[in-house]
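Open the model in your viewer and keep the selection panel at hand. The tour goes from one selection to the next and says what is there.

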Amino acid sequence: MSMEKQYGEYLSGIAMEKFPKNKPLWEAHIIKYPTKNAAGTLIFKFHHAIGDGYTIMGLLLSSLQRHDDPSLPLLFPSKSSSSSNNNDETPIRSNVEGVEFLPITISHISFSIHHIKEIKSKLGVTINDVITGIIFYGIRLYMQDMDYKSGKMKSTAMAIVNTRNVKDYHTVQDMLKTNAKGVWGNHISYMHVSVPTLQDYPISNPLQFVKKAHNSIKRKKNSFATILTEKLLRMEHKLKGSEEVSKNIHRTLRNSSLLISNMVGPMEQMALANHPIKDLFFTLCGLPQSLVVTILSYMGMLRVTLATEEGFIDERKLVWNLNKAFEEILHEAENV
């Protein structure tokens with residue numbers, strides 16, 4: 001077995017292991033195995049009970065500093081802009097009971113933010129719209145490759161939304177203050193976005209996937225549904241406890257084809273104890289889905305992580321189709 005294969009299996013094992021009882025709900029793993037990208041790997045694993053992505057990112061950033069000049073603050077890119085699925089199996093959804101306990105494969109793709117911004121400016125949308133459109137188009141190309149008939153099947157993405165009214169991350173000390181805007185804990189909601197089919201928008205017009213993502217996300221964000229969902233989840237937590245909230249979210253996830261979670265990272269390189277951090281990724285595990293897509297910006301790149309059900313999704317073909325989707329959308333945008 002190659003070292004890369006062992007490395008991948010070790011990552012999958014970390015993701016699938018449950019936290020031991022009477023132990024902290026977080027772990028740190030140091031892998032002293034050099035890869036083509038770095039001299040070693042540091043993995044932090046957190047239970048969602050500690051907090052959501054905003055909380056965890058704030059916690060990590062409180063322990064990191066800029067690699068070029070630790071005395072300077074980290075900068076983050078601006079956010080300015082220029083129906084549930086049925087129970088049928090699809091190429092991205094096995095519908096296997098207990099899929100959250102099965103082994104997963106973790107893959108990475110990186111896209112240049114410079115190129116993403118080119119598409120954004122040409123179409124008058126947001127960076128989030130562009131990357132969502134690329135993911136949707138790439139997924140449809142993959143589904144068609146695996147099963148041509150699946151191109152007509154309905155697929156729905158569950159997108160995680162941070163409901164805090166903040167622009168930047170806060171330190172741990174600031175998040176623990178009673179009057180903090182970027183308060184500690186889980187302050188998230190979700191919205192369902194339909195994945196367009198290749199019948200809706202032909203392969204010859206991939207930019208429509210970006211425009212469809214823009215229109216759908218804008219409509220959902222401007223509705224009261226996202227805020228209402230968070231308030232209902234908080235009410236359920238107070239009345240029935242966290243276990244019932246967890247069951248509610250689990251049912252919702254089961255009725256979605258995939259999950260997408262997006263976070264903003266710093267533009268400069270960071271360091272931990274004077275060790276430069278070359279790459280930064282995050283993912284989610286233990287979810288009842290065959291495909292989880294997480295996105296994090298760092299050092300001028302958008303780093304996309306795919307957590308896929310091992311043996312069901314062909315992760316190499318999925319990565320190939322996502323790269324193809326990016327190249328085609330970039331090419332079409334340059335000709336607008």
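Begin with Arg66, which is buried at a relative accessible area of 10%. Keep in mind that the model is a predicted one.

**Stop 1: the partners of Arg66**

Add Asp68 to the selection. Its side chain and that of Arg66 meet in a salt bridge, with 2.7 Å from N to O. Asp68 is exposed, because its relative accessible area of 53% is over the 50% cut-off. Now add Glu268, whose side chain also meets Arg66 in a salt bridge, at 3.3 Å from N to O. Glu268 is buried, as is Arg66. With the three selected, you have a network of salt bridges that links Arg66, Asp68 and Glu268.

**Stop 2: Arg254 and Glu97**

How many salt bridges does the structure hold? There are four. One of them joins Arg254 to Glu97, with the closest N and O atoms 3.6 Å apart. Arg254 sits in helix H8 (residues 242–254) and Glu97 in the loop between E3 and strand E4 (104–112), so this pair ties together parts 157 residues apart in sequence. Arg254 is buried, with 17% relative accessible area, whereas Glu97 is exposed, with 67%.

**Stop 3: the second largest cavity**

Keep Arg254 selected, since it is among the residues that line the second largest cavity. Others to add include Arg93, Ser94, Asn95, Pro288 and Gln289. The space inside is about 60 Å³. Its lining divides into four nonpolar, five polar and two charged residues.

**Stop 4: the largest cavity**

Next select Ile104, Cys285, Gly286, Leu287 and Gln289. The largest cavity has about 120 Å³ of space. Of its 16 lining residues, these five are the closest to its centre. Strand E11 (residues 301–309) gives the largest share of the lining, three residues. By class, the lining has 10 nonpolar, four polar and two charged residues.

**Stop 5: the second largest pocket**

Select Leu61, Ser62, Leu74, Tyr169 and Thr171, which lie nearest the centre of the second largest pocket among its 15 lining residues. Helix H2 (53–61) and strand E3 (65–66) are the elements that give two or more residues to this lining. The pocket holds about 240 Å³ of space. Eight of its lining residues are nonpolar, five polar and two charged.

**Stop 6: a patch on the surface**

Finish with Phe224, Ile227, Leu228, Leu232, Met235 and Leu239. Together they form a nonpolar surface patch with about 620 Å² of accessible area. Leu228 belongs to helix H7 (residues 225–240). Is Leu228 buried, partly exposed or exposed? Leu228 counts as partly exposed, because its relative accessibility is 38%.

Methods
Residues are numbered from 1 along each chain as its sequence is written. This is a predicted model: local features need pLDDT of at least 70, side-chain atom pairs count only at pLDDT 80 or more; totals for chains, interfaces and linings use all residues. Side-chain values use heavy atoms; hydrogens and water are left out. Patches are made of residues with over 30% relative accessible area and no salt bridge: like charges are joined within 9 Å, nonpolar side chains (Val, Leu, Ile, Met, Phe, Trp, Tyr) within 5 Å. Accessible areas come from the Shrake-Rupley method with a 1.4 Å probe; for residues, only the protein chains shown count as cover. Helices (H or I, at least four residues) and strands (E, at least two) are DSSP runs, numbered from the N terminus. Buried means under 20% relative accessible area, exposed over 50%, partly exposed in between (1.4 Å probe, protein chains only). On a 1 Å grid over the protein atoms alone, a cavity is a set of points where a 1.4 Å probe fits but cannot get out, and a pocket is an open set with protein on both sides within 12 Å along at least five of seven lines; lining residues have an atom within 4 Å of a point. Grid points are joined across faces, edges and corners, and a volume is the space filled by probe spheres set on the points. Ala, Val, Leu, Ile, Met, Phe, Trp, Tyr, Cys and Pro count as nonpolar, Asp, Glu, Lys and Arg as charged, and the others, Gly among them, as polar.
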